[in-house]
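Trainee: I should like to take a close look at a single part of this model, the end of the chain. Please describe its surroundings and then place it in the context of the whole chain.

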Amino acid sequence: MLSTDRSPDRQRPLRLHRAVPLAAVEAAAGRLPLRAAPAHTAPVVGHAPDGALLHVCSRCGGWSAVRHGGRAGFVCDDEIVLLY
């Protein structure tokens, strides 16, 4: 049976969320372009500075779909280091 005691001494159980993999930018030019599609010719939709942390949504074919600073885009896997 579950307790209904709501006294300040009783803490709620922690809710665990699925971890989002992280990656760090290692851009030789000082900033990494976030592209609209997974291709070097795709338009740039934003930039992430060298050392920035990116949230990795998915990976495929040498590219990662990422989120950074409220923007979503694609980055080449050669310019990031996965931290998990």
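**The chain end and the strands beside it**

Mentor: The model is predicted, and a suitable place to begin is strand 1, against which much of the following account is set. In strand 4, Leu22 has His55 as its bridge partner. This pairing belongs to a wider one: strand 1, residues 22-25, and strand 4, residues 53-60, are antiparallel and are joined over three bridges. Strand 1 is also joined to strand 7, again by three bridges and with the two strands running antiparallel. Within that second pairing, Ala24 stands opposite Val81 of strand 7. Strand 1 thus has pairings with strand 4 and with strand 7.

The segment that you asked about follows strand 7, which covers residues 80-82, and Tyr84 is found in this segment. Leu83 has its place there as well. Tyr84 has a relative accessible area of 63%; because exposed means over 50%, this residue counts as exposed. Leu83 reaches 46% relative accessibility, a value between the limits of 20% and 50%, and therefore counts as partly exposed.

Exposure does not leave Tyr84 without contacts. Leaving aside residues up to four places away in sequence, Tyr84 touches Pro21, Leu22 and Arg59. For one of these, Leu22, the C-alpha atom lies 5.3 Å from that of Tyr84, although the two residues are 62 residues apart along the chain. Leu22 is thus a point where two descriptions meet: it is touched by Tyr84, and it is bridged to His55 in strand 4.

Leu83 takes part in a different arrangement. Together with Leu53 and Val81, Leu83 forms a nonpolar patch on the surface, and the accessible area of the three residues together is about 240 Å². Val81 is also the residue that Ala24 stands opposite in strand 7.

As for the whole, the protein chain has seven strands and zero helices, so that its elements, read from the N terminus on, run β-β-β-β-β-β-β. Of its 84 residues, 26% count as buried. Among the contacts with a separation of 6 or more, 49% are between residues 24 or more positions apart; the contact of Tyr84 with Leu22, at 62 residues apart, can be read against that figure. The protein chain exposes about 6400 Å², with 54% of this area supplied by carbon and sulfur atoms.

Key:
Residues are numbered from 1 along each chain as its sequence is written. This is a predicted model: local features need pLDDT of at least 70, side-chain atom pairs count only at pLDDT 80 or more; totals for chains, interfaces and linings use all residues. Side-chain values use heavy atoms; hydrogens and water are left out. Helices (H or I, at least four residues) and strands (E, at least two) are DSSP runs, numbered from the N terminus. Buried means under 20% relative accessible area, exposed over 50%, partly exposed in between (1.4 Å probe, protein chains only). Contact means heavy atoms within 4.5 Å. Two strands pair if DSSP finds at least two bridges between them. Patches are made of residues with over 30% relative accessible area and no salt bridge: like charges are joined within 9 Å, nonpolar side chains (Val, Leu, Ile, Met, Phe, Trp, Tyr) within 5 Å. Accessible areas come from the Shrake-Rupley method with a 1.4 Å probe; for residues, only the protein chains shown count as cover. A salt bridge is a side-chain nitrogen of Lys or Arg within 4 Å of a carboxyl oxygen of Asp or Glu.
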